[in-house]
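Student: Could you walk me through this one? I'd like to learn how to read its features.

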Amino acid sequence: MQNKISLFGAVSTGIGMIIATSCFIPLASGASTVGITFIIALILVCMVNMMAAGSIAELNALMPNLTGGLAQYTLVGLGPFVTIVVMVGGYIISNVFAAPAEGAMFANVMANFIGGDIPTSVYSVALTMVLIFVNLRGMTMSALVQTAIASFMVISLFLLGLIGALGLGTGIEVEQAPVLSFSPGDIFPLMTTAFWLFIGSEFIVPLGKDMKNPKRNVPRAMLLSLAIMGIIQCVMVLGFSHYTPWAAVGADDSPHLLYATALLGEPGRWWMIFAALFAAVSTQNSIICSVAEICCGMAKIRLLPAIFQKKNKYGAPYLIIWLLGIATILIETTDISSGEAITFLILCSSLFWMVTYIICHVNVIILRRKMAQAPRSFKMPLFPLFQAIGIVATTYMIYYISTDPDERMLIFKLTFALFLGIGIWALYWVRYHLHLPIFRHIPLPQVMAMENPAYYLTRHPEEIHPKN
């Protein structure tokens, strides 16, 4: 009998998806702007994303064990057009920005590790090419390896943060004001900066079918993952305040290495180098795997062309692996190793991700009203209060996607153009390929049945995709 995933294993997976080396840039940026009061923004965003996690857990409780996850929830709630736009933008395009950000962080660590005059883009492109080859061969990291890397990274960050927060480092403590601003006008806009530190807990949902007591443990694992990461990030900010000048940690392209070196000298630097290298490789590999899985799931229910389901002799979905890999390499060759460039990629990715969280809340509101009597093993309390707060708070973060007005407008223009392009393609695909009404929801029993390959074999195409 196969061993079931425990609550600890699910939490480890969730933390592994949340934590990433690119998180150091926004963490250092936010802390250097207002000092330790950045912790207020961290706590607020952690709570807002817990609300999103709760809504996702409720959708999963209504429609458990669906491989497509949010795609199928949105099909039932808002119909195929919104589903395609949200999934392609929120999870595929967002990861096209996230993967190069991780590659750039890997490159910065390698440049620090090896030294010399080798361009940083050489390291990031080399990593991406290796991971493309590995995934095309069907060789993905085992859950055990991913959990081990995540555990090492989490323990490392917590210990390094705690040592710094308590002033126990071997380095020289800096004399500086711990607080740079108490102003809500300075702190609240930094919620957008903090958002990147708390995304990914929803990847626990697909584990539900293999978990012990998933009705209880899926929502618990999501919330615990976010809470643990919140504690770690807050402790790291306190550590920054004691051992790194605010201006220096905010301007450095590798703030984690700067902090670890200031805290413990060369041992701290080497400790962080190994932790960051393993985490960067694991995270970028996870991005490739998760995007491939999302595309396969959407192609399975006809929301993407069937070719995205095709696999090579090793069982790897080669087309999406190549497409994501090439897009990542093209961005990496522009030499995006600076903190400003990485931040831009992170903020673009964050905006797409924020839209998906808003849609999750909207789905819960719609389905609570449409299917009030349907059984759910988990419900968000105080409906629709938390959904309303989540939507308003996330919209606020979108508005303040950057504290720099020029960068904010550039992000808005870029994401609008991408959403517009996705929308035009989705409109064509839904109307002229699927022959479905644009916004009419698909009945829940039909969406549930789409999980079974027999659904497509036993029905005439007109039954699957009715024209009216």
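Tutor: Sure, let's begin with a helix. Of the 11 residues in helix α2 (residues 24–34), nine are buried, and the helix is mostly covered. Keep in mind that this is a predicted model.

Student: Which residues of α2 are buried?

Tutor: They are Phe-24, Ile-25, Pro-26, Leu-27, Ala-28, Gly-30, Ala-31, Ser-32 and Val-34. Here's a general idea to hold on to: an α-helix has 3.6 residues a turn, so residues three or four places apart point the same way. Then look at what follows α2: Gly-35 takes a positive phi of about 85°.

Student: Why is helix α12 described as largely enclosed by the rest of the structure?

Tutor: Burial is judged residue by residue, with under 20% relative accessible area as the cut-off. In α12 (residues 255–264), seven of the 10 residues are buried, so the helix is largely enclosed by the rest of the structure. Those buried residues are Pro-255, His-256, Leu-257, Tyr-259, Ala-260, Leu-263 and Leu-264. Just after α12 comes Gly-265, with a positive phi of about 75°.

Student: What about a single residue? Is Ile-321 buried or exposed?

Tutor: Ile-321 has 3% relative accessibility, so it counts as buried. You'll find Ile-321 in helix α14 (residues 318–332). To see what surrounds a residue, skip its sequence neighbours: leaving aside those within four places, Ile-321 is in contact with Ile-132, Asn-135, Leu-136, Ile-288 and Ala-316. For a sense of distance, take Ile-401, which is 80 residues from Ile-321 along the chain; their C-alpha atoms are separated by 29 Å.

Student: Now the cavities. How many are there of 30 Å³ or more?

Tutor: The count comes to four cavities of 30 Å³ or more. The largest cavity holds about 200 Å³ of space. Its lining has 19 residues, and the closest to its centre are Met-17, Trp-196, Thr-283, Ile-287 and Trp-353.

Student: Which helices each supply at least two residues of that lining?

Tutor: Those are α1 (7–18), α5 (80–114) and α13 (266–300). Helix α13 gives the largest share, four residues. It also helps to sort a lining by class: this one has 11 nonpolar, seven polar and one charged residues.

Student: How many disulfides does the model have?

Tutor: Zero. The check is simple: a disulfide needs two cysteine sulfur atoms within 2.5 Å. For Cys-234, which is in no disulfide, the nearest cysteine sulfur is that of Cys-46, 8.0 Å away. Cys-234 is buried, with a relative accessible area of 15%. Cys-348 is in no disulfide either, and the nearest cysteine sulfur to it, that of Cys-23, is 16 Å away. Cys-348 is also buried, at a relative accessible area of 0%.

Student: Last topic: confidence. Where does pLDDT stay under 50?

Tutor: Start with the chain as a whole: the mean pLDDT is 86, and 92% of the residues reach 70 or more. Next, go through the elements. Helix α16 (residues 385–399) has the highest mean pLDDT, 96, while helix α20 (residues 461–464) has the lowest, 46. The stretch you're asking about is residues 460–468, where pLDDT stays under 50. For those residues the model has 13 contacts beyond four places in sequence.

Conventions. Residues numbered from 1 in each chain as written. Predicted model: local features only at pLDDT ≥ 70, side-chain atom pairs only at ≥ 80, totals over all residues. Heavy atoms only, no water. 1 Å grid on protein atoms, 1.4 Å probe; cavity = no way out; pocket = protein on both sides within 12 Å on 5 of 7 lines; lining within 4 Å. Points joined across faces, edges and corners; volume = space filled by probe spheres on them. Nonpolar A, V, L, I, M, F, W, Y, C, P; charged D, E, K, R; others polar. Buried < 20%, exposed > 50% of the residue type's maximum accessible area, 1.4 Å probe, protein only. pLDDT = per-residue confidence, 0-100. Contact = heavy atoms within 4.5 Å.
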